[in-house]
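The following explanation leads a first-year reader through one protein model, from its strands to its interior and then to single residues. Please keep the sequence and the structure in view while reading.

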Amino acid sequence: MGGNARTSAARHAELARPISGTIYHGADSQNIAQILERGLNPGYAGTNAGSLFGLGNYFALNSSKADIYTKPSRRYRSGARCVLVCRVLLGEPYRTVAPCQTIRKPPDDPLRHLSSVVALTLKASPMRGCVMY
């Protein structure tokens, strides 16, 4: 089996697994107390950093990706940033590299119950993100 075939088979196996575990949500430091009190609200989708993969709550599989979406606290001189560490089960996600900015749920699929979207990068990278609606 050639290198490309092995890589393709490994990538296919990775994409077939439901995603669960610890993921990260970056937010404006001013909003953290409200998020902790009320939870994440998809009604605010797209108001901080856009909605490239639909209108939902965005998470990153890597904390450094989530950090990109934080804003420094004006309350502390250090300019601390906040990233929420979240434990989730994304179920069976719809995986895509193509932007789908206006969706509010994963696309319908008669064979599977899709519960979230995973935004894939074009190359193997830990910088993937996911969206829950």
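Strand β2 (residues 57-60) and strand β6 (residues 129-132) pair in the antiparallel sense, over four bridges. Strands here are DSSP runs of E with at least two residues, helices are DSSP runs of H or I with at least four residues, and both are numbered from the N terminus. Two strands are said to pair if DSSP finds at least two bridges between them. Within the pairing of β2 and β6, A60 has G129 as its bridge partner.

The model is a predicted one, in which local features need pLDDT of at least 70 and side-chain atom pairs count only at pLDDT 80 or more, while totals for chains, interfaces and linings use all residues. Residues are numbered from 1 along each chain as its sequence is written, and side-chain values use heavy atoms, with hydrogens and water left out.

Strand β6 also pairs with strand β5 (residues 116-119), again in the antiparallel sense and over four bridges. Here S116 of β5 has M132 as its bridge partner in β6, and A119 has G129. On to the next pairing: strand β4 (residues 93-96) runs parallel to β5 and is joined to it by four bridges. In that pairing, T96 stands opposite A119.

How do the side chains of β5 point? S116 and V118 point one way, V117 and A119 point the other way, and all are buried. Buried means under 20% relative accessible area, exposed means over 50%, and partly exposed lies in between, for a 1.4 Å probe and with protein chains only. In a regular strand the side chains alternate between the two faces of the sheet.

The wider plan can now be described. The protein has three helices and six strands, and from the N terminus on its elements run α-β-α-β-α-β-β-β-β. Of its 133 residues, 32% are buried. Contact means heavy atoms within 4.5 Å. Among contacts between residues at least 6 apart in sequence, 66% join residues at least 24 apart. The protein exposes about 8700 Å², and carbon and sulfur atoms supply 54% of this area; accessible areas come from the Shrake-Rupley method with a 1.4 Å probe, and for residues only the protein chains shown count as cover.

Attention now turns to the interior. In soluble globular proteins, nonpolar side chains tend to be buried together. A nonpolar core is a set of buried Ala, Val, Leu, Ile, Met, Phe, Trp, Tyr and Cys residues joined through side-chain atoms within 4.5 Å. The largest such core has twelve residues: I23, A27, I32, I35, F59, L84, C86, V88, L90, V118, L120 and C130. At least two residues of this core come from each of β1 (20-27), α2 (32-38) and β3, and β3 gives the most, with three residues. A second, separate core has six residues, among them F53, C100, I103 and A119.

F59 belongs to the largest core. Leaving aside neighbours within four places in sequence, F59 is in contact with I23, Y24, H25, L40, C86, G129, C130 and M132.

One of these contacts, H25, has its place in strand β1. Is H25 buried or exposed? H25 counts as buried because its relative accessibility is 11%. Its side chain reaches the backbone oxygen of Y58 at 2.6 Å. Such a polar contact is a pair of N or O atoms within 3.5 Å; within protein, one must be able to donate a hydrogen and the other to accept it, and residues adjacent in sequence count only if both atoms are side-chain atoms.

Strand β3 offers a contrast in burial. C86 is buried, because its relative accessibility is 14%, whereas V85, in strand β3, is exposed, because its relative accessible area is 59%. The C-alpha atoms of V85 and Y24 are separated by 4.9 Å, and these residues are 61 apart along the chain.

The last stop is T70, in the loop between α3 (63-67) and β3 (82-89). T70 counts as buried because its relative accessibility is 5%. A polar atom of the T70 side chain lies 2.8 Å from the backbone oxygen of D67. Beyond its neighbours within four places in sequence, T70 is in contact with G26, A27, R81, C82 and V83. Of these, C82 counts as partly exposed because its relative accessibility is 27%.
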